[in-house]
Structures are given as C-alpha cells and as structure tokens.
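Colleague: Hi! Could you walk me through this one? I'd like to get a feel for it before I go back to the bench.

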Amino acid sequence: MKPRASKKNYYFSILAIALVLLTACTSVNTATYDSQTDQTVTTLQLKTDGLMSSVKANLNTPAAAYKNYAQQYQAILLQLHVLITRNEALPYNKTTVDQLNLLSSSIEKFQKRHELGFSDARELIALQQLVDAQFRSILTVQLAKPHAS
Amino acid sequence: MEALNVHELLEIMLRAAKQSLEQQWPRAQEYTEANLKAITHSIMEIAALHAEQKIDAAQAKLDLDIAKDTAEMTLVTNAGLSELMAAQAINVALAAVRTIVNSHIGFALL
C-alpha cells in the first residue's frame with residue numbers, strides 16, 4: 001500500500017508544479033477588472049451628477065448655497081477616498097489609482113468653486129462636462145481590463 | 001482682444017494628441033476626440049464668462065484647473081489603455097504557441 005500512496009503523491013506533486021507553472025508563466029501580469037470599483041464609480045457619478053444638477057436647478061436661490069451641499073461633498077469625497085485605498089491594494093493598478101486621485105482633486109476644486117458661489121448655469125454645465133469626461137475615462141479603463149480567470 | 005475660436009483650439013489640441021500618440025492614434029482617436037471636445041468647449045465657456053465679468057480670476061483659475069485635471073486624465077487613460085492592450089497582445093501570442101511548445105518539450109512550460 002505504501003509504495004502506491006507514494007506514487008500517488010508523486011503524481012500530485014507533478015500536477016501541482018505543472019499548475020503553478022501554467023498559472024505563473026503563461027501570462028504577463030496586468031490589472032484585472034474589479035466589479036466593486038466599477039459599481040462604486042457608477043454610484044459616485046450618479047451622486048456627483050445629482051449634486052451638480054441640483055445646484056444648477058437651484059441657481060440664484062438660497063437653496064444653491066454651499067452650506068446646503070457641504071455634507072454631500074464630504075460623503076462623496078469619503079467614498080472616493082475608500083475607493084482609492086481599495087485600488088491601491090490591487091496589483092498592477094497604477095492607472096486607476098492615478099485616475100481616481102485626479103477625480104478626487106477635481107471634485108475638491110469644484111467644492112472650493114462652489115464655496116465662492118455660482119451665478120451662471122453655463123459655468124456649471126461646462127464643469128459638469130469635464131467631470132463626466134473624467135468618470136467616463138475611469139470606466140473606459142476599468143472595462144478594458146481582463147477578467148480574472 | 002481677439003476672440004477664441006473653438007474649432008481652431010480643438011484642431012491644435014487634436015494635432016498635438018495625434019503626434020504624441022503616433023501609431024496608437026487610430027485606437028485612441030474616438031475617446032481622445034470626445035474628451036478634447038469637452039475640454040475645449042469648457043475652456044471657451046470659462047473664457048467667455050470671465051470676459052463677460054460673470055466670474056473673477058480666482059473662480060476662472062479653479063475652473064481651468066479642473067479642465068487641466070481632465071486633460072491629464074486623458075493622457076493617463078491613453079497610457080493605461082496602451083499598457084493593457086500590449087499585455088493582452090503578449091498573452092494572446094503566448095497562448096497561441098502554448099500547445100506547440102509544451103508538446104515539444106514534454107511538460108507544461110507555458
């Protein structure tokens with residue numbers, strides 16, 4: 001019985017080594033698609049678009065004041081910060097991390113701009129187009145990533 | 001002061017992007033053009049609002065900084081997409097010769 005068990009272990013070892021070689025050597029390492037990032041970016045886009053559209057709808061009324069939106073900015077930036085941390089932990093993911101940092105920086109600038117007060121819808125439309133383009137860029141890269149096998 | 005021409009601005013930006021991206025331009029063209037159009041229109045709008053004195057210099061600077069972030073995002077995205085496509089091409093090439101190489105040497109090297 002013993003030699004037979006030993007032979008079985010030998011074949012298992014060969015199989016294990018082959019599998020390791022197969023997975024380790026057959027591909028160039030690259031970032032893989034992350035469904036949580038995809039979903040969170042879409043959620044953040046909805047929240048950010050919603051905030052900007054609301055400011056536009058309330059323009060030149062007291063409802064458009066920054067103080068009415070301060071908590072929404074805080075929530076968006078916090079969720080974005082958590083998403084950046086998650087993406088920093090994912091391997092080969094520098095592009096997405098750089099993109100999320102740029103988006104975070106732009107939302108902070110938009111927040112500062114809101115503090116100074118908006119008066120013309122054209123400005124909000126222009127800024128909304130820019131921020132939308134950033135979200136589109138992040139999703140373009142995410143959707144181009146291969147799915148983990 | 002001479003008015004900014006949106007088509008002229010977009011043309012200059014597209015020419016620069018095309019030169020910079022070289023062979024990757026056909027694949028990156030659609031995405032890059034869409035983003036550069038958004039950036040150009042936004043810059044035009046910010047300049048017009050400033051000229052009409054509807055926003056001051058500090059407000060215009062913050063707006064333009066967001067436009068710059070978006071332009072940088074376009075560059076980062078194109079570089080990232082190129083990297084992903086190159087990795088994918090190498091992996092497809094390796095997979096194409098896997099069976100031949102492995103059967104030739106007698107074990108799963110690839």
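Modeller: Happy to. One term to start with: a residue is called buried when its relative accessible area is under 20%, and exposed when that value is over 50%. Also keep in mind that this is a predicted model.

Colleague: Good. Then is Tyr73(A) buried or exposed?

Modeller: Tyr73(A) has a relative accessible area of 1%, so it is buried. Phe110(A) comes out at 2%, so that residue is buried as well.

Colleague: How are the rings of Tyr73(A) and Phe110(A) arranged?

Modeller: Their centres are 6.3 Å apart and the planes make an angle of 45 degrees, so the pair is tilted. Tyr73(A) belongs to helix 3 of chain A, residues 70–89, while Phe110(A) sits in helix 4 of chain A. With their positions 37 residues apart, the pair links distant parts of the chain.

Colleague: How many aromatic pairs are there over all chains?

Modeller: The structure has 3. There is also an aromatic cluster made up of Tyr66(A), Tyr73(A), Phe110(A) and Phe118(A).

Colleague: What does Val55(A) touch, leaving aside its neighbours within four places in sequence?

Modeller: Val55(A) is in contact with Ala64(A), Tyr69(A), His114(A), Phe118(A) and Leu124(A). Phe118(A) is one of the members of that aromatic cluster.

Colleague: And where is Val55(A) placed?

Modeller: In helix 2 of chain A, which covers residues 35–57. Val55(A) counts as buried because its relative accessibility is 0%. Its C-alpha atom is 8.2 Å from that of Ala65(A), a residue 10 places away along the chain.

Colleague: Let's switch to the loops. Which residue in the loop between helix 2 and helix 3 of chain A should I look at?

Modeller: Try Asn60(A), which is found there. Its phi is near 65 degrees, a positive value in a residue other than glycine.

Colleague: Why mention that?

Modeller: Because most residues other than glycine have a negative phi. Asn60(A) also counts as exposed, since its relative accessibility is 59%.

Colleague: What about Tyr92(A), what is its phi?

Modeller: About 55 degrees, so to speak on the positive side, although Tyr92(A) is not a glycine. Tyr92(A) lies in the loop between helix 3 and helix 4 of chain A, and at 53% relative accessibility it counts as exposed.

Colleague: On to the two chains. How many residues of chain A are in contact with chain B?

Modeller: On the chain A side there are 40, and they contact 38 residues of chain B. Leu102(A), Arg122(A) and Leu130(A) supply 19% of the area that chain A buries against chain B, more than any other three residues.

Colleague: What is the area buried between chain A and chain B?

Modeller: About 3,300 Å², with carbon and sulfur atoms giving 66% of that.

Colleague: How many salt bridges are found across the interface?

Modeller: The rule finds 5 between chain A and chain B. One to look up is between Asp69(B) and Lys109(A), whose side chains meet at 2.7 Å, N to O. As for polar contacts, 13 residue pairs are counted between the two chains, both residues at pLDDT 80 or more.

Colleague: Which elements of chain A give two or more residues to the side that touches chain B?

Modeller: Those are helix 1 (2–25), helix 4 (94–116) and helix 5 (121–144) of chain A. Helix 5 of chain A gives the largest share, 15 residues. By type, the chain A residues on that side divide into 18 nonpolar, 13 polar and 9 charged.

Colleague: Now the chain B side. Which residues does Asp63(B) touch, not counting those up to four places away in sequence?

Modeller: From chain A, they are Arg113(A), Glu123(A), Leu127(A) and Leu130(A); from chain B, Ile46(B) and Ile55(B). Asp63(B) lies in helix 3 of chain B, residues 57–105, and is buried because its relative accessible area is 0%.

Colleague: Last one: where does Glu33(B) lie?

Modeller: In helix 2 of chain B, residues 25–51. At 24% relative accessibility, Glu33(B) counts as partly exposed. Beyond residues up to four places away in sequence, Glu33(B) touches Leu14(B) and Trp25(B). Its C-alpha atom is separated by 8.7 Å from that of Leu10(B), 23 residues away along the chain.

Methods:
Residues are numbered from 1 along each chain as its sequence is written. Chains are lettered from A and ligands numbered from 1 in the order in which they are written. This is a predicted model: local features need pLDDT of at least 70, side-chain atom pairs count only at pLDDT 80 or more; totals for chains, interfaces and linings use all residues. Side-chain values use heavy atoms; hydrogens and water are left out. Contact means heavy atoms within 4.5 Å. Buried area is the accessible area (1.4 Å probe) that two parts lose on being put together, summed over both. A salt bridge is a side-chain nitrogen of Lys or Arg within 4 Å of a carboxyl oxygen of Asp or Glu. A polar contact is a pair of N or O atoms within 3.5 Å; within protein, one must be able to donate a hydrogen and the other to accept it, and residues adjacent in sequence count only if both atoms are side-chain atoms. Helices (H or I, at least four residues) and strands (E, at least two) are DSSP runs, numbered from the N terminus. Ala, Val, Leu, Ile, Met, Phe, Trp, Tyr, Cys and Pro count as nonpolar, Asp, Glu, Lys and Arg as charged, and the others, Gly among them, as polar. Buried means under 20% relative accessible area, exposed over 50%, partly exposed in between (1.4 Å probe, protein chains only). Rings of Phe, Tyr and Trp (its six-membered ring) pair if their centres lie within 6.5 Å; planes under 30 degrees apart count as stacked, over 60 as edge-to-face and the rest as tilted.
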